[in-house]
Amino acid sequence: MPFSEPGKTKFQVDLRRHLRNQGICDNLIHLICEIAEAGKYVINAVRTGDLGVAGTSNLYGEEQLALDVLSDRIIRKRLIHSGVVCNIASEEMDEIFQAQADADGLYSVAYDPLDGSSLVDVNLAVGTIVSIYEGCNLLQKGRNQVAALYILYGPRVSLVYSVGKGVHEFTMNHLMEYTLSRENIVMKPEGDMYSPGGLRNKYQEGTEKFVRYLEEKGAKLRYSGGFVPDINQVIMKGKGIFMYPALNGSPNGKLRLLFELNPMAFLVENAGGAATDGKQSILDLEPQSLDHRAPVYIGCKAEVAKAMEFVSGN
Ligand code: AFP
């Protein structure tokens, strides 16, 4: 039974209450609420924290910012103390961390604590991305996720989640409480917006042709360089496509399957969209390693299908 029916005034529905209405187990409700709570400390760090470098680098050899390390520590501590997490993988950690031994009712979490952190010093929107599986195995297909969410730190702080029963948005109010702002979000079958990542002069032929197709049909270019705000724009406007394609010299693109693509593909598919690497659904990719990267075209079904046509050449 949705909380918000057309024409009915929406009373303030908090996250925990909405989760209880999803028919999921208490441990998963507790886990998602703990992650939401951690977001309050991350946004505080983003707004006031040190913008300098941490003096370390991550699994991908990328220089870590102090905010990357701090955000990662905030979220990891919350997960460990939640009591319902078995294994943890973070984009900022080199290997999987076991919070507790395998047992019934536990979950494993892969997360990017502060995606787009290099945008904070120019005051652009950034976000936390979270992928949740039952049990202890984090290297399984994204289709097996039991939940995915992101927290977007923009002009407003919003949290978007799905447990496989629709996609729902919560907005943080003046008391830093998350209240329901959009419920059962559904994307249009096609749209007129595109978000093209990567260097255009490194696009492969199929991608170049696809972008020309979009431009000729008058699609508007919207790209911030932050995966979370760019995907949020596609979901909330209900239209368009984001891509970070295979590039000449980088056949797997840039974005990470476990920490970025699987959770966003889970959310977009649950909102009626699609996500592909150009050949198959992102959610059906078998993760090969923690740092598995893949090309991505994600958004409205029609645009994603068109991208596959151009990219696969048939
Ligand atoms: P950072 O986390 O290093 O800032 O990268 C952000 C990101 O992983 C993702 O959020 C963007 O979609 C993508 O990189 C932008 O990459 P380009 O800067 O190459 O367009």
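## Polar contacts to the ligand

Let's start at the ligand: one of its oxygen atoms is 2.5 Å from an N or O atom in the side chain of Y223. The model you are looking at is predicted, so please read each distance here as a computed value. S118 also takes part, with an N or O atom of its side chain 2.7 Å from a ligand oxygen atom. Y244 joins in through a polar side-chain atom, which lies 2.7 Å from an oxygen atom of the ligand.

How much of the ligand does the protein bury? Taken alone, the ligand exposes 480 Å², and the protein buries 78% of that.

## The shell and its pocket

Now let's widen the view. There are 15 residues around the ligand, and those that come nearest are D115, S118, Y223, F227 and Y244. By residue class, the shell divides into five nonpolar, six polar and four charged residues. As for the site itself, the ligand sits in the largest pocket.

## Two domains around one ligand

Where do the shell residues come from? Domain 1 (3–182) and domain 2 (193–312) each supply at least three of them.

These are the domains into which the chain is divided. Their centres, taken over C-alpha atoms, are separated by 22 Å. The contact between them takes 45 residues from domain 1 and 31 residues from domain 2. So, as you turn the model, you can follow both domains from their shared contact to the shell around the ligand.

Technical notes. Residues numbered from 1 in each chain as written. Predicted model: local features only at pLDDT ≥ 70, side-chain atom pairs only at ≥ 80, totals over all residues. Heavy atoms only, no water. Near = heavy atom within 4 Å. Polar contact = N/O pair within 3.5 Å; in protein donor to acceptor, adjacent residues only side chain to side chain. Areas by Shrake-Rupley, 256 points an atom, 1.4 Å probe, with all protein chains shown as cover. 1 Å grid on protein atoms, 1.4 Å probe; cavity = no way out; pocket = protein on both sides within 12 Å on 5 of 7 lines; lining within 4 Å. Sits in = over half its atoms within 2 Å of the grid points. Nonpolar A, V, L, I, M, F, W, Y, C, P; charged D, E, K, R; others polar. Domains from an automatic or database assignment. Contact = heavy atoms within 4.5 Å.
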